Amino acid sequence: MKATLGAGIVGVALGFALSRIGFSRWDEVHRMFTFQDLRLLLTFMLAVVLLVPTWVLIRKLSTTPPRWLPRRIHPGTVAGGVLFGAGWALSGACPSIGLVQLGEGQLGALWTLGGVFLGNYLYSVVHPRYFRWTAGSCVDD
Amino acid sequence: VNHWPFALGGAALASVAVLHWFLTGRMLAVSGRFTSLVDRARHGASEGVLVGFGTRMASGCTSGHGLCGVSRLQPGSLLATAAFFGAGIVVSFLLGALS
């Protein structure tokens with residue numbers, strides 16, 4: 001219950017922030033990727049820079065060490081990243097942005113989200129059949 | 001017979017149609033909205049498939065790898081983020097060159 005409520009609050013804050021920053025607009029994302037406007041890129045980099053010492057501090061201050069799983073390199077890292085990057089540039093949406101766009105009333109995001117579900121499902125079928133490595137997932141984190 | 005309800009209803013519908021034109025610059029034609037939404041479907045869905053397939057294959061997306069993984073200096077996250085930003089840049093420039 002506490003986790004659900006917390007996730008809801010974080011979701012509202014994340015959606016509001018992403019929408020106001022401009023991450024949910026296709027042309028803004030396009031201008032980021034073509035370096036016509038560095039605002040989104042700098043915003044993202046600032047968030048990462050702020051998080052680096054924050055995680056260190058949390059780890060230092062917590063009495064029981066937090067269980068953060070390592071994110072190792074595996075054969076799917078680059079290939080998956082390239083596919084995702086191409087899809088992001090074309091659709092203007094990473095997984096969370098699709099939800100933000102839908103919340104804004106961009107109905108076209110319904111198809112993007114449908115595609116995200118389908119693609120995720122397709123990989124779950126393809127992986128055990130053709131690939132040998134253990135991929136892990138961010139759901140374990 | 002009281003004809004006022006008919007007059008009110010007709011006036012309301014007419015007003016809505018005119019208001020729609022004033023606000024959007026288009027005629028009020030709802031089925032067309034479905035048509036344009038469906039016509040975009042194959043496009044949007046196939047792009048979404050790349051996102052869904054790719055993020056699962058790379059074990060993460062912008063939040064998990066880009067934000068939380070990079071800031072913890074995780075090797076898999078650094079490489080995946082470089083890959084998806086790199087691909088995004090290449091595809092966006094290709095898109096610009098094609099259009």
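The legends below describe several views of a predicted model with chains A and B.

**View 1. The two chains of the predicted model, each built from helices without strands.**
Chain A contains six helices and zero strands, and read along its sequence it follows the pattern α-α-α-α-α-α. Chain B contains five helices and zero strands, which run α-α-α-α-α from the N terminus on. Taken along the principal axes, the C-alpha atoms of chain A fill a box of roughly 45 × 40 × 35 Å, whereas the C-alpha trace of chain B spans about 80 × 35 × 20 Å. The radius of gyration of chain B is 25 Å, while a compact globule of 99 residues would have a value near 13 Å. Buried residues make up 33% of the 141 residues in chain A, and 36% of the 99 residues of chain B count as buried. Chain A exposes about 8700 Å², of which carbon and sulfur atoms supply 71%; chain B exposes about 6000 Å², with carbon and sulfur atoms supplying 74%. Among contacts in chain A between residues at least 6 apart in sequence, 43% join residues at least 24 apart.

**View 2. Confidence of the prediction, with attention to chain B.**
The model as a whole scores ipTM 0.90 and pTM 0.86. In chain B the mean pLDDT is 92, and 100% of the residues reach 70 or more. Among the elements of chain B, helix H2 (residues 30-39) has the lowest mean pLDDT, 85, and helix H5 (residues 75-98) has the highest, 95.

**View 3. The largest nonpolar core, to which both chains contribute.**
This core holds 24 residues, and those touching the most other members are A:Phe23, A:Met32, A:Phe33, A:Phe84, A:Trp88 and B:Phe85. The elements that give two or more residues to the core are helices H2 (26-33), H3 (39-61), H4 (76-91) and H5 (95-104) of chain A, together with H5 of chain B. If residues up to four places away in sequence are not counted, A:Trp88 touches A:Phe23, A:Val29, A:Met32, A:Phe33, A:Ala93 and A:Cys94 in chain A, and B:Val51, B:Thr62, B:Phe84 and B:Phe85 in chain B.

**View 4. A:Ala89, a buried residue in contact with both chains.**
A:Ala89 lies in helix H4 of chain A, and A:Ala89 counts as buried because its relative accessible area is 2%, under the cut-off of 20%. Leaving aside neighbours within four places in sequence, A:Ala89 is in contact with A:Trp26 and A:Phe33 of chain A, and with B:Gly88, B:Val91, B:Ser92 and B:Leu95 of chain B. The C-alpha atoms of A:Ala89 and A:Trp55 are separated by 30 Å, the two residues being 34 residues apart along the chain.

**View 5. Helix H3 of chain B and what covers its buried residues.**
The 17 residues of helix H3 (residues 41-57) of chain B should span 24 Å at 1.5 Å a residue, and the end C-alpha atoms are 24 Å apart, which agrees. Buried residues in this helix include B:Ala41, B:Gly44, B:Val51, B:Phe53 and B:Met57. What covers the buried residues of H3(B) includes H4, H5 and helix H6 (109-130) of chain A, together with H2 of chain B.

**View 6. Two loop residues of chain B with positive phi, one buried and one exposed.**
Most residues other than glycine have a negative phi. B:Ser59 is not a glycine and yet has a positive phi of about 60°; B:Ser59 sits in the loop between H3 and helix H4 (62-69) of chain B, and at 9% relative accessibility B:Ser59 counts as buried. B:Leu73, in the loop between H4 and H5 of chain B, likewise has a positive phi, near 55°, but B:Leu73 is exposed, with a relative accessible area of 58%.

**View 7. Helix H1 of chain A and the loop residue A:Pro75.**
The 20 residues of helix H1 (residues 2-21) of chain A should span 28 Å at 1.5 Å a residue, and the end C-alpha atoms are 28 Å apart, in agreement. H1(A) is followed by A:Gly22, whose phi is positive, near 115°. A:Pro75 has its place in the loop between H3 and H4 of chain A, and at 55% relative accessibility A:Pro75 counts as exposed. Although A:Pro75 and A:Thr134 are 59 residues apart in sequence, their C-alpha atoms are 9.3 Å apart in space.

Terms used. Residues numbered from 1 in each chain as written. Chains lettered and ligands numbered in written order. Predicted model: local features only at pLDDT ≥ 70, side-chain atom pairs only at ≥ 80, totals over all residues. Heavy atoms only, no water. Helix = DSSP H or I, 4+ residues; strand = E, 2+ residues; numbered from the N terminus. Rg over C-alpha atoms; globule rule 2.2 N^0.38 Å. Buried < 20%, exposed > 50% of the residue type's maximum accessible area, 1.4 Å probe, protein only. Areas by Shrake-Rupley, 256 points an atom, 1.4 Å probe, with all protein chains shown as cover. Expected span 1.5 Å × (residues − 1). pLDDT = per-residue confidence, 0-100. Core = buried A, V, L, I, M, F, W, Y, C linked by side-chain atoms within 4.5 Å. Contact = heavy atoms within 4.5 Å.
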